[in-house]
Amino acid sequence: MDQAANLRSIVSKKQTTGLPKINARVIAVTSGKGGVGKTNFTVNLALWLARQQQRVVIIDADFGLANIEVLLNIWPKFSFADVITGKKTIPDVLTEAPYGIKLLSGGTGFRDLANVTDRQMASVLNSFGYLDEISDIILIDTGAGISKSVTNFVKAAGEAVIITTPEPTSISDSYTLIKTIYEPGSYYPEMKIVLNKVDNEKEGVAVYERLRSVTEKFLSLTPKYLGSIVFDNDLVKDVKSQKPVLLNHPNSHYSKSIDSMGRKILDPDAAYLPERTGILAFMRRILRS
Ligand SMILES: Nc1ncnc2c1ncn2[C@@H]1O[C@H](COP(=O)(O)OP(=O)(O)OP(=O)(O)O)[C@@H](O)[C@H]1O
Ligand SMILES: [Mg+2]
């Protein structure tokens with residue numbers, strides 16, 4: 001058996017043993033262009049979900065940049081990289097954030113995954129299964145763009161939230177990203193679009209419609225509309241003072257938009273496919289890529 005086949009067998013064994021349990025939804029937050037608002041969206045959505053009694057884990061998968069840490073003003077001592085080296089297990093490297101949210105800092109861990117031995121991988125995966133047990137929703141803050149190190153995550157997730165601003169470059173980069181993620185006839189995540197830094201909801205919907213008409217025409221794909229967020233100075237101020245806007249300005253436009261999108265995410269009628277859930281299914285897809 002080659003190494004990849006070996007690893008796949010480890011994951012599938014892990015999935016079929018033990019008691020049946022509800023797996024976590026794995027939602028990657030991503031964008032074609034950088035600086036469009038992924039990290040702020042991830043943190044505030046996580047807080048909103050946690051306040052709805054959802055058990056939330058945030059994975060900071062943006063290599064090198066400690067954005068989530070800065071926003072939440074928490075400083076993890078260890079990262080996923082320490083799990084790869086075998087020094088720590090997943091429970092050891094989770095950091096407590098407000099409302100019981102747990103933060104897993106990726107560090108260089110996901111990059112290092114490419115070079116581990118089968119034995120290391122088996123213990124990493126064993127350890128990763130723990131996340132399904134302790135969470136309902138896992139939010140992954142990814143880097144921007146269409147490099148493989150980013151799209152591997154996004155393609156493997158159950159759902160992908162693609163953040164776009166009304167700038168033409170952001171819209172065209174989103175289209176390129178969607179084209180990269182979409183694999184007709186194969187697995188791809190459910191895609192949802194968020195319009196950020198718009199003047200008003202009407203502008204957000206119009207930009208979504210433009211993006212949708214292009215994906216429908218060239219890819220025969222209709223990504224969902226999750227919502228729009230206006231440019232909000234309350235958020236700008238709160239970022240400077242390292243206070244999440246949802247907590248510091250609960251009545252701001254930003255917080256109200258998060259509320260409306262959070263409701264859509266938890267809407268029991270908006271059924272998502274069970275094969276799209278679970279951290280181990282996510283890891284299996286990462287290993288395949
Ligand atoms: N709705 C908004 N209104 C005003 N400013 C915003 C809004 N959303 C995000 N910003 C600002 O945009 C900047 C980038 O936000 P953020 O760090 O969340 O983006 P990002 O996509 O994670 O960036 P990167 O690609 O560098 O990781 C921040 O300075 C933030 O304050
Ligand atoms: Mg970021």
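Student: Which residues come nearest to ligand 1?
Tutor: In this predicted model, 20 residues surround ligand 1, and those that come nearest are Gly34, Gly37, Lys38, Thr39 and Asn40.

Student: And which elements give two or more residues to that shell?
Tutor: Helix α2, strand β7 and helix α11, the last spanning residues 233–240, each give two or more residues to the shell around ligand 1.

Student: How does the shell divide into nonpolar, polar and charged residues?
Tutor: The residues around ligand 1 divide into eight nonpolar, eight polar and four charged.

Student: Switching to the sheet, what is the strand order?
Tutor: The eight strands form an open sheet with mixed pairing, in the order β3-β4-β2-β5-β1-β6-β7-β8. Its edge strands, each pairing on one side only, are β3 at residues 94–96 and β8 at residues 224–230, and neighbouring strands are turned against each other by 25 degrees on average, with direction ignored.

Student: Where does α2 pack, then?
Tutor: Helix α2, residues 38–51, packs on this sheet and touches β1, β2, β5, β6 and β7, and its direction makes about 175 degrees with that of β5.

Student: Is β5 enclosed or exposed, and why?
Tutor: Strand β5, residues 137–144, is largely enclosed by the rest of the structure, because six of its eight residues are buried.

Student: Which strands pair with β5, and over how many bridges?
Tutor: Strand β1, residues 25–31, pairs with β5 in the parallel sense over six bridges, and Val29 has Asp141 as its bridge partner there. Strand β2, residues 56–60, also runs parallel to β5 and is joined to it by five bridges, with Val56 standing opposite Ile137.

Student: What about β1 and β6, how many bridges there?
Tutor: Four bridges link β1 to β6, residues 159–164, again in the parallel sense, and Ala28 stands opposite Ala160 in β6.

Student: New topic: which strands does α10 lie across?
Tutor: Helix α10, residues 201–219, lies across β6, β7 and β8, and runs at about 140 degrees to β7.

Student: How does α9 pass α10, and at what angle do the axes cross?
Tutor: The axes of α9, residues 168–181, and α10 come within 11 Å and cross at roughly 40 degrees, and the crossing is right-handed.

Student: Which residues meet there?
Tutor: From α9, Ile171, Ser174, Tyr175, Ile178 and Lys179 meet Val207, Arg210, Leu211, Val214, Thr215 and Leu219 of α10. By class, this contact between α9 and α10 has seven nonpolar, two polar and two charged residues.

How values were computed:
Residues are numbered from 1 along each chain as its sequence is written. Chains are lettered from A and ligands numbered from 1 in the order in which they are written. This is a predicted model: local features need pLDDT of at least 70, side-chain atom pairs count only at pLDDT 80 or more; totals for chains, interfaces and linings use all residues. A residue is buried if 20 or more other C-beta atoms lie within 10 Å of its own, exposed if 12 or fewer, and partly exposed in between; C-beta atoms are placed from the backbone. Two strands pair if DSSP finds at least two bridges between them. Axes are lines fitted to C-alpha atoms, for helices over the stretch in contact, and angles run from 0 to 180 degrees between N-to-C directions. Two residues are in contact if their C-beta atoms, placed from the backbone, lie within 7 Å. A residue is near a molecule or strand if its C-beta atom, placed from the backbone, lies within 6 Å of it. Ala, Val, Leu, Ile, Met, Phe, Trp, Tyr, Cys and Pro count as nonpolar, Asp, Glu, Lys and Arg as charged, and the others, Gly among them, as polar. A crossing is left-handed if the near helix is turned anticlockwise from the far one by less than a right angle, and right-handed if clockwise.
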